[in-house]
Structure formats: C-alpha cells, structure tokens
Amino acid sequence: MRRLIQYWQPLPAENVGGITRQEYTDQQTAFLSMQPVDGNGSFRQYLASRKTQDYYEAIGETDLLVTEDGEHNGAIVLCGGRYYEVVQRQEWLNGVINHYEYLLFVMKEQDALALVG
C-alpha cells in the first residue's frame with residue numbers, strides 16, 4: 001500500500017571556508033510503498049554484513065537522488081515519524097509501469113532536522 005511521504009532533495013554541495021555544506025529543497029510530497037528489507041531481495045549485495053533493521057525499502061514513480069560520495073547526500077524521506085536517507089536505487093523502466101526501488105537508511109531525527117530544518 002502506498003503512503004503519502006514528505007521528502008527533500010539535496011542541492012549541489014558547496015565548499016565554504018574548507019567545509020562542505022549540503023542544503024536541501026523545500027519539502028515535497030510523493031506516494032511510496034514502504035516496507036521492511038529482508039536482505040535477500042534487490043539490495044542483497046549492498047546489505048551484505050549490514051544490519052537490515054537499519055534499512056527500509058521504498059517503491060514509487062518519484063525520482064529521488066541517491067547518496068553520491070564526494071558529490072552530495074541522498075534525498076531525505078519522512079514517513080511514519082521517522083527520517084531516512086536514500087542510499088541505493090534500482091530503476092525499473094520497463095515501459096509498462098516505470099518506477100524506482102530505493103534502499104533507505106534510518107537517520108537520527110536530530111541529524112535529519114539539522115539538514116532540512
């Protein structure tokens with residue numbers, strides 16, 4: 001079942017006085033199917049030796065940005081009172097129902113709020 005979630009996309013990172021600063025867009029909304037990760041599905045290789053309870057899986061048509069080392073953080077998703085960062089993505093562009101499958105990492109609320117306010 002799809003749920004209405006809030007999300008923020010990262011803007012280009014800036015280097016200010018030797019410190020990299022990441023800002024985000026204003027809050028936006030989308031419908032995503034949110035579900036626990038089982039560790040044997042699409043993101044099996046990424047999740048090897050990681051705690052699956054720290055991750056969630058989301059599926060939808062919204063194109064969210066993924067964490068890119070040295071470039072920017074991933075989009076931040078708020079669902080059910082918890083914040084997540086988008087860390088992996090698989091595209092399913094089959095021409096029938098194009099969609100994306102995301103791997104989300106649970107964030108501490110204070111860390112997320114420091115980024116998106």
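## Contacts of Val77

Leaving aside its neighbours within four places in sequence, which residues is Val77 in contact with? In this predicted model, Val77 touches Ile5, Gln6, Tyr7, Leu64, Arg82, Tyr83, Tyr84, Val86 and Leu104.

## Two nonpolar cores

Val77 also belongs to the largest nonpolar core, which has 17 residues. Leu64, Val77, Val86 and Leu104 have the most contacts inside this core. Five strands each give two or more residues to it: E1 (2-8), E4 (28-36), E6 (76-79), E7 (82-92) and E8 (99-107). Strand E8 supplies the largest share, four residues.

A second core is separate and has eight residues. Among them are Trp8, Tyr24, Ile76 and Tyr83.

## Salt bridges

The whole structure holds three salt bridges. One joins the side chains of Glu61 and Arg2, at 2.8 Å from N to O. Glu61 sits in the loop between strand E5 (55-60) and E6, while Arg2 is in strand E1. The two are 59 residues apart, so this pair links distant parts of the chain. Glu61 counts as partly exposed because its relative accessibility is 42%. Arg2 is also partly exposed, at 36%.

## A shared partner

Asp63 pairs with Arg89, with their closest N and O atoms 2.3 Å apart. Asp63 lies in the loop between E5 and E6 and Arg89 in strand E7, so their bridge ties together parts 26 residues apart in sequence. Arg89 also meets Glu91 in a salt bridge, at 3.4 Å from N to O. Shared partners join Asp63, Arg89 and Glu91 into one network.

Each member of this network is partly exposed: Asp63 at 39% relative accessibility, Arg89 at 30% and Glu91 at 47%.

Conventions. Residues numbered from 1 in each chain as written. Predicted model: local features only at pLDDT ≥ 70, side-chain atom pairs only at ≥ 80, totals over all residues. Heavy atoms only, no water. Core = buried A, V, L, I, M, F, W, Y, C linked by side-chain atoms within 4.5 Å. Buried < 20%, exposed > 50% of the residue type's maximum accessible area, 1.4 Å probe, protein only. Contact = heavy atoms within 4.5 Å. Salt bridge = Lys/Arg side-chain N within 4 Å of Asp/Glu carboxyl O.
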